[in-house]
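Here is a short report on a protein model with a ligand. Where does the ligand sit, and what empty space does the protein enclose? Look at the structure first, then read on.

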Amino acid sequence: MVADKAADSTKEEEAMNILGSTRTVVKTALERLGYPEEVYELLKDSMRMLKVRIPVRMDDGSVKIFTGYRAQHNDAVGPTKGGVRFHPDVTETEVNALAIWMSLKAGIVDLPYGGGKGGIICDPREMSFRELEGLSRGYVRAISQFVGPTKDIPAPDVFTNSQIMAWMMDEYSRIDEFNNPGFITGKPIVLGGSHGRESATAKGVTIVINEAAKKRNLEVKGAKVIVQGFGNAGSFLSKFLHDAGAKVVGISDAYGALYDSEGLDIDYLLDRRDSFGTITNLFDNTITNQELLESDCDILVPAAVENQITKENAHKIQADIVVEAANGPTTMEATEILTERGKLLVPDVLASAGGVTVSYFEWVQNNQGYYWTEEEIDEKLHENMIKAFNTIYDTSQTRQIDMRLAAYMIGVRKMAEASRFRGWI
Ligand code: NAD
């Protein structure tokens, strides 16, 4: 019990750090853009935050009560949008910070959305298929008044997938009494999912890596890459980079990491990973995640969880380019250290915006009832990501600021303007 309390306070502390650093950059971005203090007061928190308790009948007959959240950061631009994560470390503060990030991402890739986020405190690795279905449906029942295709549109995130989205869409359609695929994105294709959605985040990261490499005169073909995390984002990304001729020398999961300076056999690893992105348990010669981050490579892609590059290890990072596929993997102090060391750091709000971009394409297709091919999706995604990368890179160069601050400036501007035109500020 005492240990649990200590773990909870560490989680809360970490979430407070993430929220605190997000607010600091939002504040600086708004100041640089010349907005008054009240704009920051509006945008520093989610406009709405719902906490729900979800009873689920477990396989052993007992009833377990889970806690979940849904945050809606700012809906001046349009409905809010963002993933739902199933993870033991979910906290209200974390969900709040992640919703702010979603607003920034939507602004960066110019989508007609504000940011939202959801989470349930649970460990899906220890739950059966039936229990997960009960939890997914229970969550939708609990938040159904709060969300909807023109209000707030959920999507997958850590430890949630297209099956979970399908159960959630089915539950919402039952409550709403008609088929409503636009309620949620990241669905299976047969239920109105979009081609390319599952790999969209990774594809967006790959596009951004190509653009970043050009700026550093680095050929992606032959470059040494480390990808932390082998889940949805990390595994597709490793495959895309491997297929593009990069040498993926390191990968990891929650339990450890694999490193081989000659390059790993990504196809072999993909065949053997489980649905939670676990692979290292099949090997003896593993290293730790921290050792992996500090290992030799040209490009480092944290694609797992928050707070991985900190002031403790930032000066040991060997990569020339760091691309944040995960949300919040680098602390503020670490961002400063990496920037001082001349590293090119591509921030999360830009690098991982491919997922929400194709989620937007999925929602558009659901609304119009007419579906695009994978090639059409790819082309639109490339266009959006390349434009966003170059706008942010150029802003960072012209204003002599790091790419994170440049991205936040682009990200908050549309939201601030929409709030102003609506007469909110
Ligand atoms: P996932 O659940 O599919 O995979 C997570 C991976 O990280 C797994 O391999 C897991 O073993 C590993 N992991 C978990 N805890 C870890 C730890 N403490 N240390 C090292 N590895 C750990 O999740 P995902 O969808 O790939 O998301 C990964 C990151 O990318 C998250 O930060 C998420 O918010 C972000 N992201 C994902 C998407 C998407 O569409 N999937 C979109 C935007 C951002």
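The report takes the ligand first and the cavities after that.

**The ligand and its surroundings**

The model is predicted. The ligand has 25 residues around it. Which of them come nearest? They are Thr201, Asn232, Ala233, Gly277 and Asn327.

By class, the shell is mixed. It holds 11 nonpolar residues, 9 polar ones and 5 charged ones.

Three polar contacts can be picked out by distance. The table lists them.

| Residue | Protein atom | Ligand atom | Distance |
|---|---|---|---|
| Asn327 | polar side-chain atom | oxygen | 2.8 Å |
| Gly277 | polar backbone atom | oxygen | 2.9 Å |
| Asp253 | polar backbone atom | nitrogen | 3.3 Å |

Asn327 uses its side chain here. Gly277 uses its backbone, and so does Asp253. Both Asn327 and Gly277 also belong to the group that comes nearest to the ligand.

How much of the ligand does the protein cover? On its own, the ligand has 820 Å² of accessible area, and the protein covers 89% of that.

**The largest cavity**

Now turn to the enclosed space. A search of the whole structure finds 2 cavities of 30 Å³ or more.

The largest cavity has a volume of about 40 Å³. Its lining is made of Val77, Ser103, Ala106, Gly107, Leu111, Tyr113, Gly411, Lys414 and Met415. Which elements give two or more residues to this lining? They are helix H3, residues 92-108, and helix H14, residues 403-421.

The lining of the largest cavity divides into 5 nonpolar residues, 3 polar and 1 charged.

**The second largest cavity**

The second largest cavity has a volume of about 30 Å³. Gly196, Ser199, Ala200, Lys203, Val358, Ile377, Asp378 and Leu381 line it. Two or more residues each come from helix H6 (200-215) and helix H13 (374-399). Which element gives the largest share? It is H13, with 3 residues.

By class, the lining of the second largest cavity has 4 nonpolar residues, 2 polar and 2 charged.

**In brief**

The protein covers 89% of the ligand's own accessible area. Asn327 lies 2.8 Å from a ligand oxygen through a polar side-chain atom. Helices H3 and H14 contribute to the lining of the largest cavity, while H6 and H13 contribute to that of the second largest.

Note on methods
Residues numbered from 1 in each chain as written. Predicted model: local features only at pLDDT ≥ 70, side-chain atom pairs only at ≥ 80, totals over all residues. Heavy atoms only, no water. Near = heavy atom within 4 Å. Polar contact = N/O pair within 3.5 Å; in protein donor to acceptor, adjacent residues only side chain to side chain. Areas by Shrake-Rupley, 256 points an atom, 1.4 Å probe, with all protein chains shown as cover. Nonpolar A, V, L, I, M, F, W, Y, C, P; charged D, E, K, R; others polar. 1 Å grid on protein atoms, 1.4 Å probe; cavity = no way out; pocket = protein on both sides within 12 Å on 5 of 7 lines; lining within 4 Å. Points joined across faces, edges and corners; volume = space filled by probe spheres on them. Helix = DSSP H or I, 4+ residues; strand = E, 2+ residues; numbered from the N terminus.
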